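Work through the exercises below with the model open. Try each task before reading its solution.

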Amino acid sequence: MRRLSFIVVLLVAAIGFALAKGKVVDQVVWVVGDEPVLQSEIEGEIIRLKYEKQTVDGDPYCVIPEQIAIQKLFIAQAKIDSVVVSETVLDQQVDARVKYFIQRIGSQEKVEEYFGKPIDKIKSEMRRTVNEQMVVSQMQQKITDAHKITPADVLKFYNKIPKDSIPTIPEQVEVQIISISPEVTPVEVERIKSKLREFKEKVESGESQFSTLAILYSEDRGSAMQGGELGFMTKGKLVPEFANVAFSLFDPTKVSRIVESEFGYHIIQLIERRNDQVNCRHILMIPHIEETQKREAMAKLDSLATAIRTEKLTFAEATMQYSEDKETKENGGLMINPETMSNKFQIQQLPAEVAKVVYNLSEGEISKPFVYKTPAGKDMVCIVKLKSRTKAHKANPEEDFNELTEIVSAKRSKELIDKWIEEKQRELYIHVNPELRSCPFKYPGWIKE
């Protein structure tokens, strides 16, 4: 889905937060159709910007009200067009944003203290805000999707750009990777399982709370801060080994058997089932890899790299036979950029350990083995090959057609949204309070009187 960066889609979960703390006398300051803009919404967004140390281009007491009013235009039209948000997706977004605040502030208790209300109340209020944001996103997509960019559009755009305005494409690389997991000793596996069995006994006997043990011991730090809670998930969102056990649980007082997955070893506790979703807690423990095992894995990859260099097999063949990286195994080892879903990366977009190695490679060169820690915290031993390096250069249609298409698409989307906003300003009833009418709005059609 394309992102329309010219308009701020509000992330704030704290709308109404200042009002709840008694700091704002709420009032309607703007009306778009039958959608009001409240003073508390404006104050809440300004508080969020200050909290996250973000700035706006201009007076926030002019910029923020207009941004919210633009959202209300989309929301008003969405009601006419019957645009609705999936309840499942909405639940997932609310859970994700609650986790974001817990991670930033420190704990659920601190979040409740900060907002001055229990977590269920925070979620309830946040749900309306998140729903509006998602409706706005769907409306923007609906407006722009009907206008597809053709190759002729891209060429026309490129030929009309002044030569000194042609965008520069930064240096990009294509990287192939082979990853293997060092062996874990039976002693270490038994240590992990013994600890998890101990946790299970403590929870089921009432000696300890699962959430407390997760905070203290789980190595999934993202969920550990929420007492191990993952939020509502469908089966397809979880790795199969974990999902099969999580969806077999029915008693929230019990703890699952030990589950082994690609991330490590887990125990799971059910919180709630909802249709095709389950919300559960887990404790993840990742086996410690001894230096001896790392050296053995590096020696194995060193021999493999030598075989590739001497052309006994290709890098792609070695990937298919030996690599344990599921995302690249079927793709000749080519890493995929999660930001663009292409095989090209700017150096800073690569994982840090990989970027450090790739930076010093020549095109076609294979690295020495090195240890790479996955986002889940698991140690893997890798070799990488720099398949290609494209130096920074002025964009041209032959080499950079996809990048130019993205530029043209963003420009076209902005033009379509701008035109749509101006049309809706003329069609809908709009009232702006007198104290805001002197603001230098981006879209002057707000003031009709």
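Two strands pair if DSSP finds at least two bridges between them. Strands (E, at least two residues) and helices (H or I, at least four) are DSSP runs, numbered from the N terminus. This is a predicted model, in which local features need pLDDT of at least 70, side-chain atom pairs count only at pLDDT 80 or more, and totals for chains, interfaces and linings use all residues. Residues are numbered from 1 along each chain as its sequence is written, and side-chain values use heavy atoms, with hydrogens and water left out.

**Exercise 1.** Find how many bridges join β7 to β8, and place the two strands in their sheet.

Solution.
- Start with the pair. β7 (residues 264–274) and β8 (residues 277–285) run antiparallel, joined by 9 bridges.
- Pick out one position: Val 278 in β8 lies opposite Arg 273.
- Now widen the view. The sheet is open, has 4 strands in the order β5-β8-β7-β6, and pairs antiparallel.
- Check the edges. β5 (233–234) and β6 (259–261) each have a single partner strand, so one side of each lacks a neighbour in the sheet.

**Exercise 2.** Determine how α3 and α16 are oriented to each other.

Solution.
- Take the axes, which are lines fitted to C-alpha atoms over the stretch in contact, with angles from 0 to 180 degrees between N-to-C directions.
- Those of α3 (residues 60–81) and α16 (residues 401–427) come within 11 Å and cross at roughly 75 degrees.
- Angles of 65 to 115 degrees count as roughly perpendicular. The two helices, α3 and α16, are therefore roughly perpendicular.
- List the contact (heavy atoms within 4.5 Å). α3 gives Ile 70, Leu 73, Phe 74 and Gln 77; α16 gives Ile 417, Trp 420, Ile 421, Lys 424 and Gln 425.

Methods
Parallel < 35°, antiparallel > 145°, perpendicular 65-115°, else oblique.
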